[in-house]
Amino acid sequence: MINAHIVGLDDSLLCPVSAGHFLTSVTAAAFLNMSQAALQDGIHIAIASSYRSFDRQAMIWNRKFRGEAVVYDSNGEPIADWLSLPFRERIFAILRWSALPGASRHHWGTDLDVYAPNLLPAGQKLQLIPAEYDEQNGYFSDLTKWLNENMRQFGFFRPYAFDNGGVAQEPWHLSFYPEAVQFQQQLTTEMLTQVLVTHPLEGQHEILQAIPEIMGRYIMNICKDN
Ligand SMILES: [Zn+2]
């Protein structure tokens with residue numbers, strides 16, 4: 001059976017946390033507690049991205065697959081001759097940077113991308129690249145250090161703290177462990193297959209063949225305590 005919430009097809013469990021951003025009520029409360037504590041230490045934690053629906057993720061996926069949006073290699077260079085790549089190669093290239101619709105942690109309302117607007121240099125646009133969050137040299141270094149010291153007591157961890165050969169490093173991505181751990185357990189290969197059969201994506205045939213591999217490498221393969 002499909003749990004519509006886990007796969008981004010039902011947002012009725014979510015509540016607004018700031019303009020345009022939605023989380024579960026429990027995660028929202030934990031995040032607000034954490035951001036209030038950070039503010040007392042002079043750090044304004046803002047949300048760049050929070051809940052994302054299956055449809056929104058499918059739009060991102062399909063645009064990349066069709067070559068309407070640029071896909072980067074692991075060194076951050078745009079991949080040349082994209083449309084000449086076999087479908088399977090396109091799928092795994094996209095998965096470095098974008099989750100498979102139905103399998104994004106952003107569907108759950110427990111995961112969010114954060115930054116610190118008060119540490120962003122004037123005129124600088126947020127890029128969401130690891131260099132910005134570098135503990136020594138990034139302009140968000142104070143945010144990174146604060147999170148390293150404090151986020152666990154509020155229940156948050158970084159599932160993509162390091163590059164484990166699946167999803168690329170995303171130091172900005174936080175997850176509320178007490179809820180996310182349960183949602184992750186509920187997402188099975190069977191459920192994901194069922195969702196994609198009923199909600200087809202670009203690359204459908206090759207995606208369905210690769211689901212067990214995708215589950216192992218991009219969904220289960222997270223950093224546990226960061
Ligand atoms: Zn994220």
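How many helices and how many strands does the secondary structure of the protein come to? Colour your view by secondary structure and count along: the answer is seven helices and six strands. Keep in mind as you go that this is a predicted model.

**The whole chain**

Start at the N terminus and follow the ribbon. The elements run β-β-α-β-α-α-β-α-β-β-α-α-α. The radius of gyration is 17 Å, close to the 17 Å that the globule rule gives for 226 residues, so the protein is as compact as a globular protein of that length. Turn the C-alpha trace around and you will see it span about 50 × 40 × 30 Å along its principal axes. Buried residues account for 34% of the 226. Among contacts between residues at least 6 apart in sequence, 69% join residues at least 24 apart.

**First stop: a hairpin**

Select residues 14–18, which are strand β1, and residues 21–24, which are strand β2. The two pair in the antiparallel sense over four bridges. Click on Leu14 and look across to β2: Thr24 stands opposite. Now select the turn. Two residues lie between the strands of this hairpin, and Gly20 in the turn has a positive phi of about 75 degrees.

**Second stop: the sheet**

Next, show the open sheet of four strands. In what order do its strands lie? Reading across, you meet β3-β4-β6-β5, with antiparallel pairing. The edge strands are β3 (46–49) and β5 (156–157), each of which pairs on one side only. Zoom in on β5 and on β6 (residues 173–176): these strands run antiparallel and are joined by two bridges. Pick Phe157 to find one of the pairs; its bridge partner in β6 is Ser175.

Stay here and add helix α5, residues 177–186. This helix packs on the sheet, where it touches β4 (111–115), β5 and β6. Compare directions as well: that of α5 makes about 85 degrees with that of β6.

**Last stop: two helices side by side**

Two packed helices are described by the angle between their axes and the distance between the axes. Select helix α6 (residues 189–198) and helix α7 (residues 204–219) to try this out. Their axes come within 10 Å and cross at roughly 165 degrees. Angles over 145 degrees count as roughly antiparallel, and α6 and α7 are therefore roughly antiparallel to each other. The crossing of α6 past α7 is right-handed.

Finally, show the side chains where the two helices meet. On α6, select Thr189, Leu192, Thr193 and Leu196. On α7, they meet Gln204, Ile207, Leu208, Ile211, Pro212 and Met215.

Note on methods:
Residues are numbered from 1 along each chain as its sequence is written. This is a predicted model: local features need pLDDT of at least 70, side-chain atom pairs count only at pLDDT 80 or more; totals for chains, interfaces and linings use all residues. Two strands pair if DSSP finds at least two bridges between them. Two residues are in contact if their C-beta atoms, placed from the backbone, lie within 7 Å. Axes are lines fitted to C-alpha atoms, for helices over the stretch in contact, and angles run from 0 to 180 degrees between N-to-C directions. The radius of gyration is taken over C-alpha atoms; the globule rule is 2.2 Å times the number of residues to the power 0.38. A residue is buried if 20 or more other C-beta atoms lie within 10 Å of its own, exposed if 12 or fewer, and partly exposed in between; C-beta atoms are placed from the backbone. Angles under 35 degrees count as roughly parallel, over 145 as roughly antiparallel, 65 to 115 as roughly perpendicular and the rest as oblique. A crossing is left-handed if the near helix is turned anticlockwise from the far one by less than a right angle, and right-handed if clockwise.
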